[in-house]
Amino acid sequence: MTIVVHFHNLQFNNKDPVYIQIAYFVKRQIHLGFAENGDKLPSRREMAALLNVNPNTVQKAFKLMEEEGYVHTTSTQGSTVYTNEAIMKSIEEELTKQLVDDFIKSAKEVSLSIDRVTELLREQWNERE
């Protein structure tokens, strides 16, 4: 089976643990339609080499992805993406919440009020219609 999920676009930041960034990247790939149910992931060893990270870090990422249910691992098939309606909804909600949380944090850092943010959102929303 060919590896379908690629990690060449993954860029790490300095604020979040690497294993969480790996798991988040896979979630984004699923949400954006770049990774689908049944797509194969690289082995833990391959991913560690590809990303230039410790194999234990990759193992933690796989453990998290398996616990959250969007990656399944078998001894014969390796690790594959697993999605269903509930998982897709959960991923969308998580990614949306993270986006909104990041936006709010940034807005508060520059002392924008909720009224000003709402006004700017409405203006930008209407410009894009």
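This passage walks through the fold, surface and selected residues of the chain in a predicted model.

As a bit of housekeeping, residues are numbered from 1 along each chain as its sequence is written, and side-chain values use heavy atoms, with hydrogens and water left out. Because the model is predicted, local features need pLDDT of at least 70 and side-chain atom pairs count only at pLDDT 80 or more, while totals for chains, interfaces and linings use all residues.

Starting with the overall layout, the chain holds five helices and two strands, taking helices as DSSP runs of H or I with at least four residues and strands as E runs of at least two, numbered from the N terminus. Along the sequence these elements come in the order α-α-α-β-β-α-α. The radius of gyration is 18 Å, well over the 14 Å that the globule rule gives for 129 residues, so the chain is more spread out than a compact globule. Here the radius is taken over C-alpha atoms, and the globule rule is 2.2 Å times the number of residues to the power 0.38. The C-alpha trace spans about 55 × 30 × 25 Å along its principal axes.

As for burial, 29% of the 129 residues count as buried, where buried means under 20% relative accessible area, exposed means over 50%, and partly exposed is in between (1.4 Å probe, protein chains only). The accessible surface comes to about 9,200 Å², with 52% of that belonging to carbon and sulfur atoms; the areas come from the Shrake-Rupley method with a 1.4 Å probe, and for residues only the protein chains shown count as cover. Contacts, meaning heavy atoms within 4.5 Å, reach well along the sequence: among those between residues at least 6 apart, 60% join residues at least 24 apart. On the charge side, there are 15 positive and 19 negative side chains, and the centres of the two sets lie 6 Å apart. Lys and Arg count as positive and Asp and Glu as negative, with His and the chain ends not counted; each charge is placed at NZ of Lys, CZ of Arg, CG of Asp or CD of Glu.

Next come the aromatics. Rings of Phe, Tyr and Trp (its six-membered ring) pair if their centres lie within 6.5 Å, with planes under 30 degrees apart called stacked, over 60 edge-to-face and the rest tilted. That rule yields one aromatic pair. The ring centres of Phe7 and Phe25 are 5.4 Å apart and their planes sit at 35 degrees, so this pair is tilted. Phe7 lies in the segment before helix 1 (18–31) and Phe25 in helix 1, so the pair ties together parts that are 18 residues apart in sequence. Both Phe7 and Phe25 are buried.

Phe12 also belongs to the segment before helix 1, but Phe12 is partly exposed, at a relative accessible area of 32%. Outside its neighbours within four places in sequence, Phe12 is in contact with Val18, Gln21, Ile22, Leu51 and Val53. Between Phe12 and Ala107, 95 residues apart along the chain, the C-alpha separation is 23 Å.

Over in helix 1, Ile30 is buried, with just 2% relative accessible area. Not counting residues up to four places away in sequence, Ile30 touches Ala35, Tyr70, Val81, Thr83, Met88 and Ile91. Its C-alpha atom is 9.5 Å from that of Glu92, 62 residues apart along the chain.

The loop between helix 1 and helix 2 offers two cases, Phe34 and Lys40. Phe34 counts as exposed at 54% relative accessibility, whereas Lys40 counts as buried at 16%. With neighbours within four places left aside, Phe34 is in contact with Gln29 and Asp39. C-alpha to C-alpha, Phe34 and His6 are 8.9 Å apart in space and 28 residues apart in sequence. For Lys40 and Val81, 41 residues apart in sequence, the corresponding distance is 6.5 Å.

Finally, a word on backbone angles. Most residues other than glycine have a negative phi. Asn52, though not a glycine, has a positive phi of about 55 degrees. Asn52 is in the loop between helix 2 (44–51) and helix 3 (55–68) and counts as exposed at 71% relative accessibility. Ser111, again not a glycine, has a positive phi of about 60 degrees. Ser111 sits in the loop between helix 4 (85–109) and helix 5 (114–127) and, at 67% relative accessibility, counts as exposed.
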